[in-house]
Amino acid sequence: MCGIIGYIGDRPACEVIVKGLKRLEYRGYDSAGIVTEDGGRLYIRKGAGRIDDLTEKLGFLEMPGKRGIGHTRWATHGIPNDINAHPQTDCTGRIALVHNGIIENYRELREELLRRGHHFDSDTDTEVIAHLIEEELKSSGSFEEAMRRALLRLKGSFALGIVYTGEPDRLYFVRNESPLVLGIGDGENFAASDVPAFLEYTNRVVFLDDREYAIITRNSWTVKSLDSGEVVEKTVQEVEWTLEMAEKAGYPHFMLKEIHEQPRAIRDAIHGNAGIIRSVAEEIAKYDRIFIVAMGTSYHAGLVAKYLFQRLAKKVPIVEDASEFRYEFEELVDGNTLVIAITQSGETADTLAAMKLARRKGAKVLAIVNVVGSMATRIADFTLYTHAGPEIGVAATKTYTTQLTVLAMLAIELARVLGTADQEYLDELEAELSAVPELVERALRHEASLRELAEELKDRRDFFYIGRGISVPTALEGALKLKEISYIHAEGLSAGELKHGPLALLEDGVPVVAIAPSGKTFDKIVSNIEESRARGAFIISIGDREELGRISDVFVQMPEMDELLTPIVYIVPLQILAYHLSVLRGNDPDKPRNLAKSVTVE
Ligand code: F6R
């Protein structure tokens with residue numbers, strides 16, 4: 001996730017852009033850059049760091065020109081540094097562009113362009129696009145045609161802002177699976193990843209759809225189809241958001257926005273890893289002793305991975321909370337060990353310590369990380385990124401479901417490499433995984449009824465979350481979400497454990513949330529629901545079988561899917577329930593008491 005803002009009009013472009021970038025900083029903040037054009041010349045300033053510091057250090061506000069584009073980056077390919085910051089340019093320096101998204105086939109394109117004599121400065125996937133347009137320009141009648149031809153060759157997600165010195169009156173903006181919206185002014189026009197970037201100047205907007213591009217000049221705007229090049233009719237809408245609302249895309253809290261971003265984030269996780277998962281799977285296939293280390297929500301992702309690895313790759317990893325691993329397992333780690341560290345921030349002290357210990361003992365370390373260039377990525381031998389974009393809410397949501405996505409991809413590929421599961425089944429599972437974003441969208445539609453449920457339950461003191469098999473981690477994660485933002489006591493446990501003690505705590509009206517997808521233990525959890533009901537518990541069941549409706553007070557119907565993928569979808573209603581309980585109890589879910597986003601001390 002990155003932020004884009006473009007301006008063309010009569011104001012100094014740099015002023016509009018710097019303000020816009022500040023408002024988009026929540027979309028990424030590891031580096032930033034601006035290109036402006038004046039007198040047929042491009043001016044580019046960019047670097048690693050926060051926007052305020054860069055504005056001062058690089059003199060953003062002294063850049064000339066009345067058209068330009070800015071970018072705030074959240075790195076996906078190439079560490080955050082000055083060279084990888086956007087804009088990126090072609091060999092001639094006449095085309096500059098900024099990008100939000102992931103180009104899946106950039107390696108092949110880069111190879112091809114290198115063979116044709118192009119010179120690359122950065123490690124980004126973005127730079128490929130500038131060179132590809134330059135290449136197409138050699139045989140195209142117009143810049144627009146060259147741009148379109150180049151973009152038709154890209155696979156992946158992209159929102160782009162493009163400026164070309166040969167056409168001094170316009171800017172180009174393109175959208176495919178990454179957001180982009182035009183701001184329509186009087187004698188000036190804007191484009192941005194999100195409305196707040198220009199809301200100070202205009203509330204008249206045109207939302208681009210996927211595979212559309214816009215040409216904006218001072219006094220005009222046109223939207224065309226990327227595939228056909230034909231003009232698309234669009235309507236101007238007026239938004240009535242305040243600036244603060246707009247920053248959260250109209251959501252009252254970042255957490256809710258991030259919950260709703262999950263379909264996009266999961267798609268990016270798939271696109272971003274499709275090209276490299278095979279080589280990582282081949283590497284880890286060599287190891288029999290595998291530890292997975294992580295804390296909190298990331299630890300729960302590790303627990304899901306255990307089931308995926310067991311069932312598909314017939315490997316049983318030992319999943320340990322990193323704070324325990326570092327003191328308990330030292331003697332078992334050696335050169336034949338693989339340690340998989342899962343960490344959103346890449347800065348969690350216990351996880352980093354576990355990784356360092358593993359490296360010291362000669363183990364190979366794979367990190368699954370969201371923040372590019374974070375400490376974990378520097379300690380690890382190799383890294384897979386979750387591509388969720390910055391998560392501002394303290395409670396992990398989209399970073400969890402993207403961790404699960406990457407782990408599912410890894411388990412599927414590992415099973416392919418090892419030949420431990422039927423290849424046809426693996427192909428089907430992979431196809432189903434690419435449909436998970438739509439399944440998450442369907443799960444999100446339960447929001448209104450979950451809000452009503454939260455209203456009914458907001459004064460309850462204890463909650464129990466039960467699951468079996470691969471749903472046990474979902475129970476743990478559902479309970480953690482509730483505890484951390486609503487401050488209600490909650491326990492997550494394997495449903496089989498109920499009778500061994502916790503059942504004594506069940507009495508009239510105590511909510512029991514049963515995670516009950518179809519699968520080999522479905523009948524077992526039905527019995528657990530019955531035994532809880534018999535003690536007067538208030539049953540909320542999450543599953544795909546309608547019969548659950550008859551034995552539950554509330555039934556949240558999930559779409560049918562392979563049981564192995566249910567953790568990615570079934571957590572969504574639990575996130576939403578926790579969110580609304582938090583808000584109804586008067587808490588700020590984005591900033592729960594006593595908690596920090598990354599725990600950098602032991
Ligand atoms: C819970 C939550 C925490 C983190 C944990 C690990 O919602 O966010 O439990 O999961 O602190 O953080 P990372 O993944 O950054 O290592």
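**Close-up views of the predicted model**

**View 1. The second largest cavity and its lining.** Four nonpolar, two polar and two charged residues make up the lining of the second largest cavity. The model shown here and in the following views is predicted. Arg468, Ser471, Ile515, Pro517, Thr521, Phe522, Ile525 and Glu563 are the residues that line this second largest cavity. The space within the second largest cavity amounts to about 40 Å³.

**View 2. The largest cavity and its lining.** The structure contains two cavities of 30 Å³ or more, and the largest cavity encloses about 60 Å³ of space. Its lining comprises 13 residues, of which Arg73, Thr76, His86, Asp125 and Thr126 lie closest to the centre. Classified by residue type, the lining of the largest cavity has eight polar, three nonpolar and two charged residues. Strand β6 (residues 95–103) supplies the largest share of this lining, namely three residues.

**View 3. The surroundings of lysine 315.** Lysine 315 is located in the loop between α10 (296–313) and β16 (318–321). The relative accessibility of lysine 315 is 8%; because buried means under 20%, this residue counts as buried. A polar atom of the lysine 315 side chain lies 2.8 Å from the backbone oxygen of tyrosine 287. The side chain of lysine 315 also forms a polar contact of 3.0 Å with the side chain of aspartate 288. Both tyrosine 287 and aspartate 288 appear among the residues that lysine 315 touches, when residues up to four places away in sequence are not counted. The others in this set are Ala285, Ile290, Phe309, Gln310, Leu414 and Leu418.

**View 4. Strand β9 and the strands that pair with it.** In a regular strand, the side chains alternate between the two faces of the sheet. In strand β9 (residues 181–184), Val181 and Gly183 point one way, Leu182 and Ile184 point the other way, and all are buried. Strand β10 (residues 189–192) runs antiparallel to β9 and is joined to it by four bridges. Within this pairing, alanine 192 of β10 is the bridge partner of valine 181. The hairpin of β9 and β10 has four residues between the strands, and glycine 187 in this hairpin adopts a positive phi near 70°. Strand β11 (residues 204–207) is likewise antiparallel to β9, with three bridges between the two. Here, valine 206 of β11 stands opposite leucine 182.

Methods. Residues are numbered from 1 along each chain as its sequence is written. This is a predicted model: local features need pLDDT of at least 70, side-chain atom pairs count only at pLDDT 80 or more; totals for chains, interfaces and linings use all residues. Side-chain values use heavy atoms; hydrogens and water are left out. Buried means under 20% relative accessible area, exposed over 50%, partly exposed in between (1.4 Å probe, protein chains only). A polar contact is a pair of N or O atoms within 3.5 Å; within protein, one must be able to donate a hydrogen and the other to accept it, and residues adjacent in sequence count only if both atoms are side-chain atoms. Contact means heavy atoms within 4.5 Å. On a 1 Å grid over the protein atoms alone, a cavity is a set of points where a 1.4 Å probe fits but cannot get out, and a pocket is an open set with protein on both sides within 12 Å along at least five of seven lines; lining residues have an atom within 4 Å of a point. Grid points are joined across faces, edges and corners, and a volume is the space filled by probe spheres set on the points. Ala, Val, Leu, Ile, Met, Phe, Trp, Tyr, Cys and Pro count as nonpolar, Asp, Glu, Lys and Arg as charged, and the others, Gly among them, as polar. Two strands pair if DSSP finds at least two bridges between them.
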